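This report covers the ligand site of one protein chain and some features of its backbone. The sequence and structure come first.

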Amino acid sequence: MKLLEDRIRKDGKIKEGNVLKVDSFLNHQMDVKLFHEIGLEFKRRFEGQEINKILTIEASGIGIACVVAEVFDVPVVFAKKTQTKNIAGEVYRTQVESFTHGRVYDIIVSREFLGKEDKVLLIDDFLANGKALEGLSTLVQDSGAELVGAGVVIEKGFQVGGQIIRDKGIHLESLAIVESMDDKTGTIVFREQ
Ligand code: 5GP
């Protein structure tokens with residue numbers, strides 16, 4: 001998505017440890033007009049697929065997922081990160097290792113909001129090692145819902161997540177795929193799509 005790639009080149013900041021900071025339009029301050037264009041692009045890429053729910057993970061996926069859900073005209077659910085022990089049977093629960101914080105935490109979704117009648121599109125801001133999307137797809141599987149696909153705004157193509165998710169047979173759409181980035185020169189190379 002050209003608009004997105006241009007914006008990443010203009011405002012993205014490359015940090016040590018393979019981290020791309022896009023705090024000025026995606027992860028802290030949010031450019032909702034750009035989010036709307038992102039929503040339209042996902043709608044185009046998943047055209048003809050029946051989707052009745054968007055699922056994301058807190059916190060940074062929520063803003064984007066909300067705008068995408070409005071474009072798809074479906075509800076959005078976010079998996080909560082939690083340490084509390086909910087009563088067994090109330091929630092679907094799995095564990096996710098955080099890329100940015102390097103620790104493992106539980107994520108939950110209430111059984112009330114995900115079930116076998118749902119056809120789910122996963123949405124997240126970044127794809128790195130694939131742990132967040134794997135965790136979300138486990139919750140979908142446990143609920144008996146159908147996983148239609150996953151949409152991420154920025155995939156870091158030099159990390160393993162994209163390969164892992166595609167190898168599972170999940171229809172993955174990434175709007176910008178960073179092939180390489182160099183924190184010394186500030187150069188970002190995108191994969192041709
Ligand atoms: P994964 O689970 O695929 O390893 O990492 C995806 C999650 O880690 C995303 O939800 C995102 O919040 C965070 N993340 C991974 N890489 C980056 C990055 O380069 N920049 C930012 N801002 N977040 C990232």
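A polar contact here is a pair of N or O atoms within 3.5 Å. The model is predicted, and the distances below are computed from its atoms.

**Ligand contacts**

By that cut-off, an oxygen atom of the ligand makes a polar contact with a backbone atom of Lys131, at 3.1 Å. Two further contacts of this kind are listed with it in the table.

| Residue | Partner of a ligand oxygen atom | Distance |
|---|---|---|
| Asp125 | N or O atom in the side chain | 3.3 Å |
| Gly130 | polar backbone atom | 2.7 Å |
| Lys131 | polar backbone atom | 3.1 Å |

Taken alone, the ligand would expose 500 Å², and the protein buries 90% of that area.

**The surrounding shell**

The ligand sits in the largest pocket. Three elements each supply two or more residues to the shell around the ligand: strand β2 (19-21), strand β7 (119-127) and helix α5 (131-143). Of the shell, the largest share comes from β7, with four residues.

In total, 17 residues surround the ligand. The closest are Leu20, Asn129, Gly130, Ala132 and Lys156. Gly130 is thus among the closest residues and also offers a polar backbone atom to a ligand oxygen at 2.7 Å. By residue type, the shell divides into seven nonpolar, six polar and four charged residues.

**Backbone features**

Which sense of pairing do strands β5 and β6 show? Strand β5 (residues 91-97) and strand β6 (residues 104-110) are antiparallel, paired over seven bridges. Across this pair, Thr94 stands opposite Ile107 in β6. The two strands, β5 and β6, form a hairpin with six residues between them. In the turn of that hairpin, Gly102 has a positive phi of about 70°.

A positive phi also occurs at Asn18, a residue other than glycine, where the angle is near 60°. Asn18 lies in the loop between β1 (13-15) and β2. Strand β2 is one of the elements that give two or more residues to the ligand shell.

Another loop holds a cis peptide bond. The bond runs from Glu58 to Ala59, with omega near 0°. Ala59 is found in the loop that links β3 (53-57) and α4 (62-72).

Terms used
Residues numbered from 1 in each chain as written. Predicted model: local features only at pLDDT ≥ 70, side-chain atom pairs only at ≥ 80, totals over all residues. Heavy atoms only, no water. Near = heavy atom within 4 Å. Polar contact = N/O pair within 3.5 Å; in protein donor to acceptor, adjacent residues only side chain to side chain. Areas by Shrake-Rupley, 256 points an atom, 1.4 Å probe, with all protein chains shown as cover. 1 Å grid on protein atoms, 1.4 Å probe; cavity = no way out; pocket = protein on both sides within 12 Å on 5 of 7 lines; lining within 4 Å. Sits in = over half its atoms within 2 Å of the grid points. Nonpolar A, V, L, I, M, F, W, Y, C, P; charged D, E, K, R; others polar. Pairing = 2+ DSSP bridges.
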